[in-house]
Amino acid sequence: MKSHEIFRAGQKELWIEGRANSRLKLAYTDVGAGDPVILLHGIPTWSYLYREVIPLLARKFRVLAPDFLGHGYSDRRDCFDRSLRAQTSAILAFMDALGLERAHIVGHDTGGGVALILGIEHPGRVDRLVLSNIVAYDSWPIDDMVKLGNPQWRAKPAAEVAAFVAGGIAEGLHNRHRNTEEFRSGIVAPYADEEGKISLIRNASSLNTNHTTELIGRHREILAETLLLWGIHDPWQTIGDGERLSREIPASYLVRMEAASHWLQQDSPEEFSREVSLFLSGGLDAVRKDRAMAERIQPKN
């Protein structure tokens, strides 16, 4: 079996009430024990993005990695909202279905937009918050996603759409040896048939910058301790956004991942997992102490 097939075989499923006058299916991974951590991916990925991170975090935590509505192997029917607001409602319903009053939230890309909404509008559901190369302000959607959201793409073969997405992955990786065929094919696997193709196009067309610009004046309302974990080579969600968020979110700290770009879970999964685990275990104090120690032991020129 290919890695994405193995990952898919380990997923569970549950049903939530949706806005389509029907129940909607959520596919998710649930492994490990301890404090719950919910990993939120973005577009055009699915929870497979975290495949190397999940077992590392599961050594200390209960790790839950859902596929957003319309993404991966969650519901892909062409009959429901896929916006950041809708995805936020789905994650809250997901937590309710699993009996989770609170959890640590780790958000990446559009999953970070959902994490922002959770942190601002549902503070009682969030323990600690990790924002990793997230959509914020008016920095998104990127050109490829704007292009993909054009309804004319429905006429293209599914294989052509999947190839277009796979072809853009390299731009978001710093470590070129990590741009593997396994990773590319795994990311696009759910979108390589007709239903998946239409779902991906609908996902792209649902991207709404207003859902993050309306939050700009509210970042200071985030109460949760927040780690900003940013791949500095990201051409889309740049380090400047991470720096700006670190100034606006009161209890926050920015950690720059020097050897990573946008897909930092793929670029440097061990470093990503270490930083997240350190923060979720010990909070901002642990991160600051770790950074201070690293600076002291760095060799002088």
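Here is a chat between a biologist and a modeller about the predicted model shown above.

Biologist: How many helices and strands are there in the protein?

Modeller: Since this is a predicted model, we're talking about elements read from predicted coordinates. Going through the protein, you'd find both kinds of element, and the tally is 12 helices and 8 strands.

Biologist: What is the radius of gyration of the protein, and why does it count as being as compact as a globular protein of that length?

Modeller: Start with the yardstick: for 301 residues, the globule rule gives 19 Å. The protein comes out close to that, so it is as compact as a globular protein of that length. The C-alpha trace spans about 60 × 40 × 40 Å along the principal axes. As for the radius of gyration you asked about, that is 18 Å.

Biologist: Which residues touch the most other members of the largest nonpolar core?

Modeller: Nonpolar side chains tend to be buried together in soluble globular proteins. Here, buried residues make up 56% of the 301, and the largest nonpolar core has 93 residues. Take Leu 229: leaving aside neighbours within four places in sequence, its contacts include Val 130, Leu 131, Val 255 and Phe 272. The residues touching the most other core members are Leu 39, Leu 148, Leu 229 and Phe 272.

Biologist: What covers the buried residues of helix α7?

Modeller: Helix α7 runs over residues 181-188, and its buried residues are Phe 183, Ser 185, Gly 186, Ile 187 and Val 188. Other helices help to cover them, and among the elements doing so are α1, α6 and α11.

Biologist: Is Thr 212 buried or exposed?

Modeller: Thr 212 sits in helix α9, residues 210-213. Leaving aside neighbours within four places in sequence, Thr 212 is in contact with Leu 84, Val 135, Ala 136, Tyr 137 and Trp 140. The cut-off for this label is under 20% relative accessible area. Thr 212 has 1% relative accessibility, so it counts as buried.

Biologist: And Asp 78, how does that one count?

Modeller: Asp 78 is in the loop between β4 and α3. Leaving aside neighbours within four places in sequence, Asp 78 is in contact with Ile 198 and Arg 202. Values between 20% and 50% get the middle label. With 48% relative accessibility, Asp 78 therefore counts as partly exposed.

Biologist: How many Å separate the C-alpha atoms of Ala 251 and His 177?

Modeller: Ala 251 is in the loop between α10 and β8, and it is partly exposed at 25% relative accessible area. Leaving aside neighbours within four places in sequence, Ala 251 is in contact with Ala 224, Glu 225, Thr 226 and Leu 284. His 177 is 74 residues away along the chain, and the C-alpha separation is 36 Å.

Biologist: Which peptide bond is cis with omega near -5°?

Modeller: Most peptide bonds are trans. One cis bond here, with omega near 10°, goes from Ile 43 to Pro 44, but that isn't the omega you asked for. The one you want leads into Pro 141, which is in the loop between β6 and α5. That bond runs from Trp 140 to Pro 141.

Biologist: What is the phi of Tyr 137?

Modeller: Most residues other than glycine have a negative phi. Tyr 137 lies in the loop between β6 and α5 and is buried, with a relative accessible area of 2%. Although Tyr 137 is not a glycine, its phi is positive, at about 55°.

Notes: Residues numbered from 1 in each chain as written. Predicted model: local features only at pLDDT ≥ 70, side-chain atom pairs only at ≥ 80, totals over all residues. Heavy atoms only, no water. Helix = DSSP H or I, 4+ residues; strand = E, 2+ residues; numbered from the N terminus. Rg over C-alpha atoms; globule rule 2.2 N^0.38 Å. Buried < 20%, exposed > 50% of the residue type's maximum accessible area, 1.4 Å probe, protein only. Core = buried A, V, L, I, M, F, W, Y, C linked by side-chain atoms within 4.5 Å. Contact = heavy atoms within 4.5 Å.
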